[in-house]
Amino acid sequence: MAPQPKVDDTLLRCIGCGAVTPVAESGLACATCGDLLEVVFPQPSAKPPLDAAALKALWRQRRSSQLPADQSGVWRFREVLPSLREEHQAITLREGSTPLYELSRCARAAGVEHLYAKHQGMNPTGSFKDTGMTVAASFARQEGFHWVACASTGNTSASMAAYAARGGMRGLVLIPEGQIAWGKLSQALDYGAVTCQLKTDFDGCMRVLNEVVQRMPVYVLNSVNPYRLEGQKTAAIELLEQFDWEVPDHVIVPGGNLGNSSALGKAFLEMKELGLISTLPKLSVIQAEGANALVRTIRETGGKKLIPVQANTMATAIRIGNPASWKKAVRVLEATGGTVEQVSEVEIALAKAEIGADGIGCEPASAVTLAGLKKLVKQGFVKPRETVVLILTGHLLKDPEFTLKFHRGDLLAGTGYEKEAGLLNAQQRAPIVLEASVDAVLRVLEQAERAG
Ligand code: F0G
(Lines give C-alpha, C1' and ligand atoms only; values in the text may rest on other atoms or scores of the structure.)
Protein backbone atom coordinates (compact mmCIF):
# COMPACT_ATOMS: atom_id res chain seq x y z
CA MET A 1 0.00 0.00 0.00
CA ALA A 2 1.22 3.54 -0.73
CA PRO A 3 2.63 5.53 2.17
CA GLN A 4 -0.32 7.41 3.60
CA PRO A 5 0.08 11.00 4.78
CA LYS A 6 0.53 11.85 8.44
CA VAL A 7 -2.42 11.12 10.66
CA ASP A 8 -1.06 11.89 14.15
CA ASP A 9 1.90 11.06 16.37
CA THR A 10 0.66 7.69 17.63
CA LEU A 11 3.35 4.99 17.66
CA LEU A 12 2.70 1.92 15.54
CA ARG A 13 4.43 -1.45 15.66
CA CYS A 14 4.88 -3.79 12.71
CA ILE A 15 3.43 -7.22 13.48
CA GLY A 16 6.03 -8.80 11.17
CA CYS A 17 9.44 -7.29 11.99
CA GLY A 18 8.48 -5.45 15.18
CA ALA A 19 9.77 -2.04 14.00
CA VAL A 20 8.16 0.83 15.90
CA THR A 21 7.55 4.11 14.08
CA PRO A 22 5.33 7.16 14.36
CA VAL A 23 2.38 6.88 12.02
CA ALA A 24 3.71 9.78 9.94
CA GLU A 25 6.56 7.60 8.72
CA SER A 26 4.72 4.34 8.35
CA GLY A 27 1.32 4.95 6.80
CA LEU A 28 -0.76 1.81 7.02
CA ALA A 29 1.94 -0.75 6.21
CA CYS A 30 5.45 -1.28 7.57
CA ALA A 31 7.96 0.67 5.50
CA THR A 32 10.58 -2.05 6.08
CA CYS A 33 8.74 -5.32 5.49
CA GLY A 34 5.26 -4.32 4.28
CA ASP A 35 3.40 -6.18 7.05
CA LEU A 36 0.43 -4.79 9.00
CA LEU A 37 0.79 -2.31 11.83
CA GLU A 38 -0.81 -2.15 15.23
CA VAL A 39 -1.15 0.66 17.72
CA VAL A 40 1.45 0.31 20.49
CA PHE A 41 -0.16 -0.07 23.91
CA PRO A 42 0.34 1.75 26.16
CA GLN A 43 1.55 4.77 24.18
CA PRO A 44 4.70 6.29 25.74
CA SER A 45 3.00 9.69 25.46
CA ALA A 46 -0.08 8.48 27.37
CA LYS A 47 -0.99 10.23 30.59
CA PRO A 48 0.01 8.20 33.67
CA PRO A 49 -2.37 5.24 33.70
CA LEU A 50 -5.16 5.32 36.23
CA ASP A 51 -5.37 2.27 38.41
CA ALA A 52 -7.81 -0.46 37.48
CA ALA A 53 -10.51 0.48 40.00
CA ALA A 54 -10.38 4.17 38.99
CA LEU A 55 -10.71 3.29 35.30
CA LYS A 56 -13.72 1.08 35.96
CA ALA A 57 -15.38 3.83 37.97
CA LEU A 58 -14.61 6.55 35.41
CA TRP A 59 -15.99 4.52 32.49
CA ARG A 60 -19.16 3.71 34.40
CA GLN A 61 -19.65 7.31 35.51
CA ARG A 62 -19.49 8.58 31.93
CA ARG A 63 -22.65 6.63 31.10
CA SER A 64 -24.72 9.30 32.79
CA SER A 65 -22.97 12.21 31.03
CA GLN A 66 -24.56 14.22 28.20
CA LEU A 67 -21.28 14.86 26.35
CA PRO A 68 -21.25 13.22 22.89
CA ALA A 69 -17.85 11.61 23.57
CA ASP A 70 -19.17 10.10 26.81
CA GLN A 71 -22.42 8.94 25.21
CA SER A 72 -20.39 7.04 22.63
CA GLY A 73 -19.78 3.47 23.79
CA VAL A 74 -16.39 3.76 22.11
CA TRP A 75 -15.01 7.15 23.22
CA ARG A 76 -16.22 6.45 26.75
CA PHE A 77 -13.14 4.21 26.91
CA ARG A 78 -10.79 6.86 25.49
CA GLU A 79 -8.01 6.15 28.03
CA VAL A 80 -7.19 3.04 25.99
CA LEU A 81 -7.64 4.61 22.53
CA PRO A 82 -5.27 6.83 20.52
CA SER A 83 -6.09 10.41 21.49
CA LEU A 84 -7.53 12.99 19.18
CA ARG A 85 -6.04 16.46 19.49
CA GLU A 86 -9.46 17.62 20.68
CA GLU A 87 -11.82 14.99 21.96
CA HIS A 88 -14.95 16.90 20.97
CA GLN A 89 -13.79 16.42 17.36
CA ALA A 90 -14.80 12.75 17.34
CA ILE A 91 -17.28 11.87 14.60
CA THR A 92 -19.79 9.90 16.61
CA LEU A 93 -23.21 8.40 15.95
CA ARG A 94 -23.32 7.24 19.61
CA GLU A 95 -21.98 3.85 18.56
CA GLY A 96 -21.25 1.00 20.98
CA SER A 97 -23.24 0.49 24.20
CA THR A 98 -24.75 -2.59 22.60
CA PRO A 99 -26.86 -5.05 24.59
CA LEU A 100 -25.80 -8.34 26.08
CA TYR A 101 -28.68 -10.81 25.77
CA GLU A 102 -29.18 -14.21 27.31
CA LEU A 103 -29.99 -16.82 24.65
CA SER A 104 -32.00 -19.47 26.46
CA ARG A 105 -33.32 -21.58 23.55
CA CYS A 106 -30.04 -21.41 21.71
CA ALA A 107 -28.29 -22.51 24.89
CA ARG A 108 -30.42 -25.67 24.94
CA ALA A 109 -29.76 -26.26 21.23
CA ALA A 110 -26.02 -25.96 21.81
CA GLY A 111 -25.93 -27.90 25.08
CA VAL A 112 -24.58 -25.17 27.38
CA GLU A 113 -26.11 -23.57 30.47
CA HIS A 114 -24.93 -19.98 30.19
CA LEU A 115 -25.06 -18.53 26.71
CA TYR A 116 -25.06 -14.82 25.86
CA ALA A 117 -25.06 -12.73 22.70
CA LYS A 118 -23.20 -9.44 22.54
CA HIS A 119 -25.25 -7.87 19.77
CA GLN A 120 -23.00 -5.60 17.75
CA GLY A 121 -25.74 -5.44 15.14
CA MET A 122 -27.41 -2.91 17.46
CA ASN A 123 -24.90 -0.26 16.43
CA PRO A 124 -26.13 2.83 14.49
CA THR A 125 -25.59 1.36 11.02
CA GLY A 126 -26.39 -2.17 12.15
CA SER A 127 -22.95 -3.74 12.49
CA PHE A 128 -19.82 -3.79 14.65
CA LYS A 129 -17.98 -1.73 12.04
CA ASP A 130 -19.25 1.50 13.60
CA THR A 131 -17.11 1.01 16.70
CA GLY A 132 -13.96 1.08 14.59
CA MET A 133 -15.17 3.59 12.06
CA THR A 134 -15.78 6.34 14.61
CA VAL A 135 -12.10 6.23 15.56
CA ALA A 136 -10.52 5.84 12.11
CA ALA A 137 -12.84 8.37 10.46
CA SER A 138 -12.17 10.90 13.22
CA PHE A 139 -8.41 10.62 12.66
CA ALA A 140 -8.92 10.91 8.90
CA ARG A 141 -10.82 14.16 9.38
CA GLN A 142 -8.34 15.48 11.95
CA GLU A 143 -5.63 15.24 9.31
CA GLY A 144 -7.73 16.95 6.68
CA PHE A 145 -8.47 14.06 4.32
CA HIS A 146 -11.14 14.85 1.77
CA TRP A 147 -11.64 11.26 0.60
CA VAL A 148 -11.92 8.04 2.57
CA ALA A 149 -12.34 4.63 0.92
CA CYS A 150 -12.88 0.95 1.54
CA ALA A 151 -13.31 -2.38 -0.18
CA SER A 152 -16.16 -4.20 1.46
CA THR A 153 -18.52 -7.13 1.66
CA GLY A 154 -21.13 -4.55 2.66
CA ASN A 155 -21.03 -3.58 6.31
CA THR A 156 -17.78 -1.64 6.22
CA SER A 157 -19.10 0.34 3.27
CA ALA A 158 -22.38 1.15 5.04
CA SER A 159 -20.55 2.27 8.14
CA MET A 160 -17.85 4.21 6.32
CA ALA A 161 -20.39 6.00 4.16
CA ALA A 162 -22.28 7.14 7.26
CA TYR A 163 -19.23 8.36 9.18
CA ALA A 164 -17.77 10.07 6.10
CA ALA A 165 -21.04 11.93 5.61
CA ARG A 166 -21.26 12.93 9.27
CA GLY A 167 -17.65 14.12 9.15
CA GLY A 168 -18.04 16.12 5.94
CA MET A 169 -15.78 13.81 3.90
CA ARG A 170 -16.38 12.02 0.62
CA GLY A 171 -16.57 8.22 0.65
CA LEU A 172 -15.47 5.81 -2.08
CA VAL A 173 -16.87 2.28 -1.80
CA LEU A 174 -15.64 -0.74 -3.80
CA ILE A 175 -17.91 -3.77 -3.49
CA PRO A 176 -18.12 -7.05 -5.39
CA GLU A 177 -21.00 -6.92 -7.83
CA GLY A 178 -23.91 -9.19 -6.95
CA GLN A 179 -22.37 -10.38 -3.66
CA ILE A 180 -23.69 -7.73 -1.28
CA ALA A 181 -26.86 -7.97 0.79
CA TRP A 182 -29.43 -5.33 -0.17
CA GLY A 183 -29.66 -3.69 3.23
CA LYS A 184 -25.97 -2.84 3.13
CA LEU A 185 -25.88 -1.59 -0.44
CA SER A 186 -28.88 0.65 0.14
CA GLN A 187 -27.17 2.19 3.18
CA ALA A 188 -24.03 3.13 1.23
CA LEU A 189 -26.20 4.79 -1.41
CA ASP A 190 -28.37 6.63 1.08
CA TYR A 191 -25.40 7.99 3.02
CA GLY A 192 -24.08 9.41 -0.23
CA ALA A 193 -20.94 7.39 -0.95
CA VAL A 194 -19.59 6.99 -4.47
CA THR A 195 -20.38 3.29 -4.76
CA CYS A 196 -18.61 1.13 -7.37
CA GLN A 197 -19.76 -2.45 -7.90
CA LEU A 198 -16.70 -4.18 -9.34
CA LYS A 199 -16.95 -7.33 -11.40
CA THR A 200 -14.82 -9.33 -9.00
CA ASP A 201 -14.91 -10.67 -5.44
CA PHE A 202 -13.96 -8.92 -2.17
CA ASP A 203 -10.32 -9.91 -2.53
CA GLY A 204 -10.32 -8.39 -6.04
CA CYS A 205 -11.85 -5.15 -4.68
CA MET A 206 -9.08 -4.98 -2.08
CA ARG A 207 -6.42 -5.34 -4.81
CA VAL A 208 -7.96 -2.51 -6.85
CA LEU A 209 -8.23 -0.27 -3.79
CA ASN A 210 -4.56 -0.81 -2.97
CA GLU A 211 -3.70 0.48 -6.46
CA VAL A 212 -6.09 3.43 -6.26
CA VAL A 213 -4.52 4.71 -3.03
CA GLN A 214 -1.08 4.70 -4.71
CA ARG A 215 -2.37 7.36 -7.07
CA MET A 216 -4.75 9.50 -5.00
CA PRO A 217 -4.62 10.96 -1.45
CA VAL A 218 -7.38 8.67 -0.23
CA TYR A 219 -7.41 7.34 3.33
CA VAL A 220 -8.17 3.63 3.63
CA LEU A 221 -10.75 2.68 6.23
CA ASN A 222 -10.55 -1.10 5.89
CA SER A 223 -9.50 -3.05 8.97
CA VAL A 224 -5.85 -2.94 7.81
CA ASN A 225 -6.18 0.54 9.31
CA PRO A 226 -4.96 0.09 12.91
CA TYR A 227 -7.24 2.87 14.21
CA ARG A 228 -10.27 0.81 13.17
CA LEU A 229 -9.14 -2.05 15.37
CA GLU A 230 -8.54 0.27 18.33
CA GLY A 231 -12.20 1.30 18.20
CA GLN A 232 -13.37 -2.29 17.78
CA LYS A 233 -11.51 -3.19 20.99
CA THR A 234 -14.18 -1.43 22.99
CA ALA A 235 -16.79 -4.15 22.39
CA ALA A 236 -14.62 -6.48 24.47
CA ILE A 237 -14.16 -3.91 27.23
CA GLU A 238 -17.87 -3.16 27.33
CA LEU A 239 -18.60 -6.89 27.45
CA LEU A 240 -16.36 -7.29 30.50
CA GLU A 241 -18.07 -4.34 32.12
CA GLN A 242 -21.48 -5.95 31.45
CA PHE A 243 -20.21 -9.05 33.28
CA ASP A 244 -19.04 -6.86 36.18
CA TRP A 245 -15.48 -7.71 35.16
CA GLU A 246 -16.07 -11.45 35.69
CA VAL A 247 -14.39 -13.04 32.69
CA PRO A 248 -16.54 -15.39 30.58
CA ASP A 249 -14.90 -18.70 29.67
CA HIS A 250 -15.39 -18.40 25.92
CA VAL A 251 -15.92 -15.65 23.37
CA ILE A 252 -16.85 -16.82 19.87
CA VAL A 253 -16.42 -14.57 16.83
CA PRO A 254 -17.09 -14.95 13.10
CA GLY A 255 -13.96 -14.71 10.96
CA GLY A 256 -13.74 -12.90 7.61
CA ASN A 257 -10.86 -10.50 7.07
CA LEU A 258 -9.99 -11.28 10.73
CA GLY A 259 -9.80 -7.70 11.97
CA ASN A 260 -12.53 -8.10 14.57
CA SER A 261 -11.16 -11.20 16.27
CA SER A 262 -7.75 -9.47 16.37
CA ALA A 263 -9.24 -6.32 17.91
CA LEU A 264 -11.23 -8.16 20.58
CA GLY A 265 -8.21 -10.28 21.47
CA LYS A 266 -5.98 -7.18 21.71
CA ALA A 267 -8.49 -5.67 24.12
CA PHE A 268 -8.62 -8.72 26.39
CA LEU A 269 -4.82 -8.85 26.54
CA GLU A 270 -4.59 -5.13 27.30
CA MET A 271 -7.26 -5.34 30.00
CA LYS A 272 -5.22 -8.08 31.65
CA GLU A 273 -2.04 -6.03 31.35
CA LEU A 274 -3.82 -3.09 33.01
CA GLY A 275 -5.02 -5.35 35.83
CA LEU A 276 -8.73 -4.92 35.07
CA ILE A 277 -9.06 -8.70 34.73
CA SER A 278 -6.83 -11.52 35.89
CA THR A 279 -7.70 -14.26 33.40
CA LEU A 280 -8.48 -14.32 29.68
CA PRO A 281 -11.51 -15.76 27.89
CA LYS A 282 -10.67 -18.29 25.20
CA LEU A 283 -11.35 -16.45 21.95
CA SER A 284 -12.36 -18.77 19.10
CA VAL A 285 -12.99 -17.93 15.45
CA ILE A 286 -15.61 -19.60 13.28
CA GLN A 287 -15.62 -19.47 9.48
CA ALA A 288 -17.91 -20.70 6.75
CA GLU A 289 -16.62 -23.93 5.16
CA GLY A 290 -16.47 -22.13 1.82
CA ALA A 291 -14.36 -19.26 3.17
CA ASN A 292 -12.11 -21.10 5.59
CA ALA A 293 -8.65 -19.61 5.04
CA LEU A 294 -7.87 -19.31 8.77
CA VAL A 295 -9.12 -22.80 9.58
CA ARG A 296 -6.90 -24.27 6.88
CA THR A 297 -3.99 -22.05 7.89
CA ILE A 298 -4.16 -23.34 11.47
CA ARG A 299 -4.83 -26.97 10.61
CA GLU A 300 -2.40 -27.32 7.73
CA THR A 301 0.47 -25.03 8.71
CA GLY A 302 0.04 -24.57 12.47
CA GLY A 303 -0.69 -20.89 11.76
CA LYS A 304 2.67 -20.28 10.08
CA LYS A 305 1.64 -19.59 6.49
CA LEU A 306 -1.64 -18.27 5.10
CA ILE A 307 -3.57 -20.65 2.88
CA PRO A 308 -5.79 -18.37 0.78
CA VAL A 309 -8.96 -19.88 -0.68
CA GLN A 310 -11.44 -19.03 -3.43
CA ALA A 311 -14.24 -17.92 -1.12
CA ASN A 312 -17.88 -18.85 -1.53
CA THR A 313 -20.67 -18.73 1.03
CA MET A 314 -24.21 -17.38 1.32
CA ALA A 315 -23.00 -15.53 4.42
CA THR A 316 -21.72 -12.81 2.09
CA ALA A 317 -20.21 -10.67 4.87
CA ILE A 318 -17.49 -13.28 5.39
CA ARG A 319 -16.99 -14.28 1.77
CA ILE A 320 -13.28 -13.51 1.98
CA GLY A 321 -10.49 -15.83 0.82
CA ASN A 322 -7.34 -13.85 1.59
CA PRO A 323 -7.80 -12.39 5.07
CA ALA A 324 -5.54 -9.41 5.71
CA SER A 325 -5.28 -9.75 9.50
CA TRP A 326 -4.60 -13.49 9.67
CA LYS A 327 -1.32 -13.11 11.58
CA LYS A 328 -2.95 -10.93 14.22
CA ALA A 329 -5.76 -13.49 14.59
CA VAL A 330 -3.33 -16.41 14.96
CA ARG A 331 -1.53 -14.50 17.70
CA VAL A 332 -4.81 -13.93 19.56
CA LEU A 333 -5.82 -17.59 19.28
CA GLU A 334 -2.47 -18.61 20.72
CA ALA A 335 -2.48 -16.00 23.49
CA THR A 336 -6.00 -16.83 24.69
CA GLY A 337 -6.01 -20.59 24.06
CA GLY A 338 -8.91 -20.34 21.59
CA THR A 339 -9.54 -22.50 18.56
CA VAL A 340 -10.95 -22.39 15.02
CA GLU A 341 -13.89 -24.24 13.49
CA GLN A 342 -15.78 -24.22 10.22
CA VAL A 343 -19.49 -24.66 9.57
CA SER A 344 -21.58 -25.59 6.55
CA GLU A 345 -24.18 -23.47 4.76
CA VAL A 346 -26.97 -25.58 6.23
CA GLU A 347 -25.54 -25.26 9.75
CA ILE A 348 -25.36 -21.47 9.33
CA ALA A 349 -28.95 -21.23 8.11
CA LEU A 350 -30.24 -23.35 10.97
CA ALA A 351 -28.30 -21.41 13.60
CA LYS A 352 -29.52 -18.10 12.19
CA ALA A 353 -33.14 -19.22 12.50
CA GLU A 354 -32.52 -20.42 16.06
CA ILE A 355 -31.08 -17.02 17.05
CA GLY A 356 -34.12 -15.43 15.42
CA ALA A 357 -36.47 -17.72 17.34
CA ASP A 358 -34.88 -16.50 20.57
CA GLY A 359 -36.28 -13.07 19.66
CA ILE A 360 -32.86 -11.65 18.81
CA GLY A 361 -32.01 -12.23 15.15
CA CYS A 362 -28.79 -11.52 13.26
CA GLU A 363 -27.36 -11.66 9.78
CA PRO A 364 -26.04 -14.97 8.39
CA ALA A 365 -22.34 -14.27 9.07
CA SER A 366 -23.09 -13.71 12.76
CA ALA A 367 -24.86 -17.06 13.02
CA VAL A 368 -21.66 -19.01 12.35
CA THR A 369 -20.93 -18.41 16.04
CA LEU A 370 -23.83 -20.55 17.27
CA ALA A 371 -23.23 -23.17 14.59
CA GLY A 372 -19.57 -23.31 15.60
CA LEU A 373 -20.40 -23.44 19.32
CA LYS A 374 -22.49 -26.58 18.78
CA LYS A 375 -19.44 -28.27 17.29
CA LEU A 376 -17.11 -27.04 20.01
CA VAL A 377 -19.44 -28.45 22.67
CA LYS A 378 -19.59 -31.82 20.90
CA GLN A 379 -15.78 -31.86 20.73
CA GLY A 380 -15.56 -31.09 24.46
CA PHE A 381 -13.65 -27.84 23.84
CA VAL A 382 -16.54 -25.95 25.45
CA LYS A 383 -17.91 -27.57 28.62
CA PRO A 384 -21.65 -27.44 29.36
CA ARG A 385 -21.19 -25.43 32.57
CA GLU A 386 -18.92 -22.79 31.03
CA THR A 387 -20.09 -19.26 30.21
CA VAL A 388 -20.08 -18.52 26.50
CA VAL A 389 -20.54 -15.24 24.63
CA LEU A 390 -21.35 -15.14 20.93
CA ILE A 391 -20.41 -11.92 19.14
CA LEU A 392 -23.34 -11.19 16.82
CA THR A 393 -21.78 -8.85 14.29
CA GLY A 394 -24.68 -7.70 12.12
CA HIS A 395 -28.40 -6.96 12.35
CA LEU A 396 -31.10 -9.28 11.00
CA LEU A 397 -32.37 -6.59 8.60
CA LYS A 398 -29.05 -6.33 6.79
CA ASP A 399 -29.92 -9.34 4.66
CA PRO A 400 -33.72 -9.80 4.51
CA GLU A 401 -33.47 -11.80 1.28
CA PHE A 402 -31.63 -14.64 3.03
CA THR A 403 -34.28 -14.75 5.77
CA LEU A 404 -37.21 -14.69 3.36
CA LYS A 405 -35.73 -17.42 1.21
CA PHE A 406 -35.08 -19.50 4.31
CA HIS A 407 -38.65 -19.30 5.55
CA ARG A 408 -40.17 -19.77 2.11
CA GLY A 409 -38.03 -22.88 1.71
CA ASP A 410 -35.98 -21.90 -1.33
CA LEU A 411 -32.71 -20.82 0.30
CA LEU A 412 -30.86 -23.93 -0.83
CA ALA A 413 -32.37 -24.14 -4.34
CA GLY A 414 -29.62 -24.41 -6.93
CA THR A 415 -26.82 -24.50 -4.34
CA GLY A 416 -26.01 -28.21 -4.36
CA TYR A 417 -27.30 -28.57 -0.77
CA GLU A 418 -30.92 -29.33 -1.75
CA LYS A 419 -30.71 -32.84 -0.26
CA GLU A 420 -30.22 -31.32 3.19
CA ALA A 421 -33.14 -28.90 2.91
CA GLY A 422 -35.27 -31.15 5.15
CA LEU A 423 -33.01 -30.30 8.10
CA LEU A 424 -34.36 -26.76 8.03
CA ASN A 425 -38.08 -27.60 7.94
CA ALA A 426 -38.72 -27.38 11.66
CA GLN A 427 -37.50 -23.78 11.77
CA GLN A 428 -39.35 -22.54 8.69
CA ARG A 429 -42.27 -20.11 9.15
CA ALA A 430 -43.47 -19.23 5.66
CA PRO A 431 -46.00 -16.40 5.42
CA ILE A 432 -49.53 -17.75 4.96
CA VAL A 433 -51.68 -16.19 2.23
CA LEU A 434 -55.41 -16.24 3.08
CA GLU A 435 -58.72 -14.78 2.06
CA ALA A 436 -59.65 -11.83 4.29
CA SER A 437 -61.84 -14.05 6.46
CA VAL A 438 -62.03 -14.36 10.24
CA ASP A 439 -62.64 -18.10 10.01
CA ALA A 440 -59.56 -18.62 7.86
CA VAL A 441 -57.39 -16.79 10.38
CA LEU A 442 -58.91 -18.69 13.30
CA ARG A 443 -58.24 -22.00 11.55
CA VAL A 444 -54.59 -21.04 11.15
CA LEU A 445 -54.43 -20.04 14.79
CA GLU A 446 -55.85 -23.40 15.91
CA GLN A 447 -53.47 -25.30 13.69
CA ALA A 448 -50.52 -23.32 15.04
CA GLU A 449 -51.65 -23.94 18.61
CA ARG A 450 -51.88 -27.71 17.96
CA ALA A 451 -48.45 -27.75 16.32
CA GLY A 452 -47.00 -26.03 19.43
N1 F0G B 1 -19.67 -10.40 10.48
C2 F0G B 1 -20.12 -9.42 9.69
C3 F0G B 1 -21.56 -9.09 9.75
C4 F0G B 1 -19.23 -8.72 8.84
O5 F0G B 1 -19.68 -7.75 8.07
C6 F0G B 1 -17.87 -9.11 8.81
C7 F0G B 1 -16.93 -8.45 7.92
C8 F0G B 1 -17.46 -10.13 9.67
C9 F0G B 1 -18.38 -10.76 10.47
C10 F0G B 1 -16.06 -10.58 9.73
O11 F0G B 1 -15.27 -9.67 10.43
O12 F0G B 1 -13.61 -9.24 8.66
O13 F0G B 1 -13.22 -8.49 10.99
O14 F0G B 1 -13.17 -10.92 10.41
N15 F0G B 1 -17.24 -7.61 7.05
C16 F0G B 1 -16.30 -6.79 6.27
C17 F0G B 1 -17.03 -5.79 5.42
C18 F0G B 1 -15.20 -7.49 5.65
O19 F0G B 1 -16.50 -5.35 4.37
O20 F0G B 1 -18.10 -5.37 5.81
P21 F0G B 1 -13.72 -9.57 10.10
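1. Start with the contact between α5 and α6 in this predicted model. On the α5 side, the residues involved are Lys129, Asp130, Met133, Thr134, Ala137 and Arg141. On the α6 side, they are Asn155, Thr156, Ser159, Met160, Tyr163 and Arg166. By character, the residues of this contact split into four nonpolar, four polar and four charged.

2. Next, the geometry of that pair. Packed helices are described by the angle between their axes and the distance between the axes. Helix α5 covers residues 129-142. Its axis lies 9 Å from that of α6, and the two pack at an angle of about 40°. The two helices are therefore oblique to each other. The crossing of α5 with α6 is right-handed.

3. Helix α6 has a second partner, α7. Here α6 spans residues 155-166 and α7 spans residues 182-190. Their axes come within 8 Å and cross at roughly 20°. Angles under 35 degrees count as roughly parallel, so α6 is roughly parallel to α7. This crossing is left-handed.

4. Which residues of α6 meet α7? They are Asn155, Ser157, Ala158 and Ala161. Facing them in α7 are Lys184, Gln187 and Ala188. The residues of this contact divide into three nonpolar, three polar and one charged. Asn155 deserves a second look: this residue meets α5 and also meets α7.

5. Now the ligand. There are 20 residues around it. Which of them come nearest? Ser152, Thr153, Asn257, Leu258 and Thr393 do.

6. Backbone atoms also approach the ligand. A backbone N or O atom of Thr156 lies 2.8 Å from a ligand oxygen atom. Thr156 is also one of the α6 residues that meet α5. For Gly256, a backbone N or O atom is again 2.8 Å from an oxygen atom of the ligand. Asn260 likewise has a backbone N or O atom 2.8 Å from an oxygen atom of the ligand.

7. Two backbone details are worth checking by eye. Is the peptide bond from Phe41 to Pro42 cis or trans? It is cis, with omega near -10°. Pro42 sits in the loop between β3 (37-39) and α2 (52-61).

8. The other detail is at Trp245. Its phi is positive, about 65°, although Trp245 is not a glycine. Where does Trp245 lie? Look in the loop between α10 (234-242) and β10 (250-254).

Conventions: Residues are numbered from 1 along each chain as its sequence is written. This is a predicted model: local features need pLDDT of at least 70, side-chain atom pairs count only at pLDDT 80 or more; totals for chains, interfaces and linings use all residues. Side-chain values use heavy atoms; hydrogens and water are left out. Axes are lines fitted to C-alpha atoms, for helices over the stretch in contact, and angles run from 0 to 180 degrees between N-to-C directions. Helices (H or I, at least four residues) and strands (E, at least two) are DSSP runs, numbered from the N terminus. Angles under 35 degrees count as roughly parallel, over 145 as roughly antiparallel, 65 to 115 as roughly perpendicular and the rest as oblique. A crossing is left-handed if the near helix is turned anticlockwise from the far one by less than a right angle, and right-handed if clockwise. Contact means heavy atoms within 4.5 Å. Ala, Val, Leu, Ile, Met, Phe, Trp, Tyr, Cys and Pro count as nonpolar, Asp, Glu, Lys and Arg as charged, and the others, Gly among them, as polar. A residue is near a molecule or strand if one of its heavy atoms lies within 4 Å of it. A polar contact is a pair of N or O atoms within 3.5 Å; within protein, one must be able to donate a hydrogen and the other to accept it, and residues adjacent in sequence count only if both atoms are side-chain atoms.
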